[in-house]
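The exercises below are to be worked with the sequence and the 3D structure at hand. Each task is followed by a solution in steps.

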Amino acid sequence: MNLTVLAASGRTGLALTREAMRRGHTVTAIARDPDRIAVPDSARLHKVAGDVEDPASIALAGSTVLSGLGTDRAGVLLAGAKAVVAAGPSRIIWLGAYGTGKSAEVAGAAAGALASMLGDRLGDKIEADETILAAGGTVFHAGLLTDGPESPGRRTVGLEAGPPLDFAAVISRATVAAAMLDEAETPRFPGTIALPLPD
């Protein structure tokens, strides 16, 4: 497949890029500084400079987009979501946060604490998710991310099967990346929220 990874120099974006390459896909990896995309060169890998706050720099038409975009500044995620949708990709697979927006009720009491921690970024996350869902994309709501290997017992479930949010539980970026690539290869959750779980 021809895949585009957004925010490919970040930790989740790197996990997505590495997993896509491992699976034999052709990848356009977009980052503000392509030199920071720490993945070995390959004829199947194209490193491209782009910034979601400059939509003209994001060329996505016809590809499946996987986003690892994250930020500590409100407004960036919504700008990114709007830029991605406007670019007209064939599919969008977007990373969100479990316990925000539509997953808050399922996540339970800890969602309130998460909302307090996110502050003014919460609304940005929710609006970005809604923009992607309205365009028919899939939004992965992951729990607290960590580095480490892919979980051998991983699975992906729909929102109705979500467990309570537990701040002591973590999921590796490699596990989330594998789940998002599964969705790219075999769509199961178009236009809805999916939950990657480590076991």
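**Exercise 1. A nonpolar surface patch**

Task: Which residues form a nonpolar patch on the surface, and how much accessible area do they have together?

Solution. The model is a predicted one.
- Step 1: The residues of the patch are Met-117, Leu-144, Phe-167 and Val-170.
- Step 2: Taken together, these four residues have about 340 Å² of accessible area.
- Step 3: Leu-144 can be placed in strand β7, which covers residues 144–146.
- Step 4: The relative accessibility of Leu-144 is 31%, so Leu-144 is classed as partly exposed. Membership of a patch requires over 30% relative accessible area.

**Exercise 2. The largest pocket**

Task: Describe the volume and lining of the largest pocket.

Solution.
- Step 1: The space in the largest pocket comes to about 960 Å³.
- Step 2: The lining has 38 residues, and those closest to the pocket centre are Gly-68, Leu-69, Gly-70, Thr-71 and Leu-77.
- Step 3: Elements that contribute two or more lining residues are α1 (11–22), β2 (26–31), α2 (76–87), β5 (91–97), α4 (110–118), α5 (121–134) and β7.
- Step 4: The largest contribution is that of β5, with three residues.
- Step 5: Sorted by class, the lining holds 18 nonpolar, nine polar and 11 charged residues.

**Exercise 3. The second largest pocket**

Task: Describe the second largest pocket in the same order of steps.

Solution.
- Step 1: The second largest pocket holds about 220 Å³ of space.
- Step 2: It is lined by 16 residues, of which Gly-143, Pro-163, Ala-169, Leu-197 and Pro-198 are the closest to its centre.
- Step 3: Two or more lining residues come from each of β6 (138–142), β9 (170–172) and β10 (193–197).
- Step 4: With three residues, β10 gives the most to this lining.
- Step 5: The lining of the second largest pocket consists of 13 nonpolar, two polar and one charged residues.

**Exercise 4. Thr-64**

Task: Is Thr-64 buried or exposed, and what separates its C-alpha atom from that of Gly-137?

Solution.
- Step 1: Strand β4, residues 64–67, contains Thr-64.
- Step 2: Buried means under 20% relative accessible area.
- Step 3: Thr-64 has 5% relative accessibility and therefore counts as buried.
- Step 4: Thr-64 and Gly-137 are 73 residues apart along the chain, and 10.0 Å separates their C-alpha atoms.

Key
Residues numbered from 1 in each chain as written. Predicted model: local features only at pLDDT ≥ 70, side-chain atom pairs only at ≥ 80, totals over all residues. Heavy atoms only, no water. Patch = residues over 30% accessible without salt bridge, like charges linked within 9 Å, V, L, I, M, F, W, Y side chains within 5 Å. Areas by Shrake-Rupley, 256 points an atom, 1.4 Å probe, with all protein chains shown as cover. Salt bridge = Lys/Arg side-chain N within 4 Å of Asp/Glu carboxyl O. Helix = DSSP H or I, 4+ residues; strand = E, 2+ residues; numbered from the N terminus. Buried < 20%, exposed > 50% of the residue type's maximum accessible area, 1.4 Å probe, protein only. 1 Å grid on protein atoms, 1.4 Å probe; cavity = no way out; pocket = protein on both sides within 12 Å on 5 of 7 lines; lining within 4 Å. Points joined across faces, edges and corners; volume = space filled by probe spheres on them. Nonpolar A, V, L, I, M, F, W, Y, C, P; charged D, E, K, R; others polar.
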